[in-house]
Amino acid sequence: MAVSTAAPGGAGVWGAIWHGVTRSTSGFIGLCIVVGVLLFAFVGPFFVDTHNPTDVTKIWGPITSEHWLGTNHEGKDTFVQLVLGGREPIWVGIVAALITVAIAVALGGVAGYVRGRIDHFLLQLTDITMTIPFIVLMLVVASFYRTASPMVVAFIIGLVTWPYLMRSIRAQVLTLREREFVEAARLQDLGTARILFTEVLPNMAGYIFVNFIIAITNAIYAVVGMYLLGLLPSTAANWGLMIQQAWDNNAFLVPAAAPFLVAPMVMIMLFQIGLVTMTRSLEQALNPRLRDR
Amino acid sequence: MATETAAPPPPPEAGTAAPPPDGAPLSPHLRLWRHYALVKVRKAVVVVFVVANVTFFLGRAMPGDPIDVMAGRLTQGGMSLEEARIIAANSLAYDPDAPLWAQWWDFIVGLVTFDMGMTINRPGFSVAESIAAYLPWTLFSIGAGTLVSITLGLALGMVMAYRRNRLLDHVLSVVASVLGAIPNYLIAMLLVVGGGMYLSWFNPISLRGTLSPGVEPGFNAEFLGDALYHAGLPIFTYVLAIIGTWMLVMKASTTEVLSEDYVTVARARGLRDRRIATSYVGRNAILPLVAQIAISFGTLVGGAIFVEQVLVYKGIGGLLLDAVEYRDYPLLQGLLVVLTTCVVAANLVADLLYSRLDPRIRK
């Protein structure tokens, strides 16, 4: 068995996940980074003055006690923008990941469990979706929604990034369905949907959770990238938008402008690194074959 | 092997790598493989065809058409909308009244005859010419980046597996995880900010583009040097962005092989460590990774759009963005067909190579 959580059942899964993250130093550091960034982005806004006016006398201002990270090309305070700008990309990442995982689990589960024609069809669909580079798919879909709200963006990302996960979930279901407890459930005539959702999939909960986190990192990569290409509307403060504005205004040529460019980059990198480190530790805990490596 | 996946044959639009022509009587083994190869090639062609159709309709489903876009631009100069539409309709080679099925038929004919026609927004350039002017740069930079990072990544991954749980392994593991987690466009930005501005190792502005002004393509030292000079930053970005994953994957794979019986036997036979590492461990550890190399090439093609945009490298990314922006349907379709063909071809080569290397796959 490639992956199975220690104990089936609700509390066991979360316990296993907690244990998996905290069992190694690097995993724990990753968790701390993630929690730190989340607090910064979601609790931080309550502690700053959200009124952040444009001030033409302070363009690319230096770091002072009044402006902790200087000011940007419009004279707005960089630190305030940084605090306010985390919510959106992180939300988009989480929602997109939920959609990706939901699609992948549903299609992968059905394909792997039911087999036959449906499996064949779903695999073809996956192959084709996978073949179109997802960025390209996103470019085209995003052009429908020039004034896309963050949730629409999350939806678009979720809609185009599921194929890889679908394939690996299908592969897992293929092996799980041959196990005794599934056969027992089949003999009790519990019905396909019930067996799939109460017997097969809960056994992969840990694996699905790891992939949920990985999907968050992919979605954040995609949404920040879309901001960089200028494909999304310029709305409120947003890390991706900050980077794009800084880059388009050649902030890397102005030393005083560096904080406006580098600060959001650092936040995104910290969050991504934290998430990835967490998943590595988690993966090792959930997969006994990896444990002593 | 990495070279083959990194630089697929210049893609014909239909994307069929012909199976090896053998005239002589075949061994059953080879015949089986040929059957497998044929099935795979047929599947690849179907995928390219379906994707081509999907992209055709996706493109047309985008709001607005080339004329709307150009008229929109003209009205910004103070022209009335009707006037602008007439001028746009006259200056663009696009007939907005042609029925969809006729456009689709043109597209399919173009696909089969390898002639995608003229672009709409790049007057005087055919789709093929436009793509040929940009695609090689992207393939070159991605190919070189993949080649270097995979070679280095596999070597480092093996070293890590041999030294696992020692200091070197821990340090490299952290480096690999961190590199793997940072989005590639942020790596590109960090290189520009760090290496270009703070350390002044290079001038990021003069590095932009694919060639310096005045340098003509040709087989001479000046051209090759200049091309490498401009491609250096994108290549280095790709290397850093993907090397981490390969180190970790190779480490896991090598660790698994190291515990196999045949390695123990080879050791017991007193073979030299170097021979065991190259002929016994290395080969078997790389085997399961062949398919992943092809897949990573596919995802890299997508990610290259971001990196090229950030570094202002004139590859396929900018062309694609323009095609979407101006609704240049023929160019957009041509680009998507070529890109998918590259990805499918890379996967096909990996599949065929893999089945050649590992007979267990052919089922």
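This is a quick walk through the two chains of the model and the contact between them.

Okay, so this is a predicted model: local features need pLDDT of at least 70, side-chain atom pairs count only at pLDDT 80 or more, and totals for chains, interfaces and linings use all residues. On bookkeeping, residues are numbered from 1 along each chain as its sequence is written, while chains are lettered from A and ligands numbered from 1 in the order in which they are written.

Let's take chain A. You get 14 helices and zero strands, where helices (H or I, at least four residues) and strands (E, at least two) are DSSP runs, numbered from the N terminus. Of its 293 residues, 52% are buried, meaning 20 or more other C-beta atoms, placed from the backbone, lie within 10 Å of the residue's own. Now contacts, that is, two residues whose C-beta atoms, placed from the backbone, lie within 7 Å. Among chain A contacts with a separation of 6 or more, 71% join residues 24 or more positions apart.

Over to chain B: again 14 helices and zero strands. Buried residues are 40% of its 363, and the 24-or-more share of contacts with a separation of 6 or more is 76%.

So where do they meet? Chain A puts in 31 residues and chain B 39. On the chain A side, helix 5 (116–131), helix 6 (134–144), helix 11 (205–228) and helix 13 (258–286) each supply at least two residues. Helix 13 of chain A gives the largest share, 10 residues. By class, that side has 22 nonpolar (Ala, Val, Leu, Ile, Met, Phe, Trp, Tyr, Cys and Pro), three charged (Asp, Glu, Lys and Arg) and six polar residues (the others, Gly among them).

Methods. A residue is buried if 20 or more other C-beta atoms lie within 10 Å of its own, exposed if 12 or fewer, and partly exposed in between; C-beta atoms are placed from the backbone.
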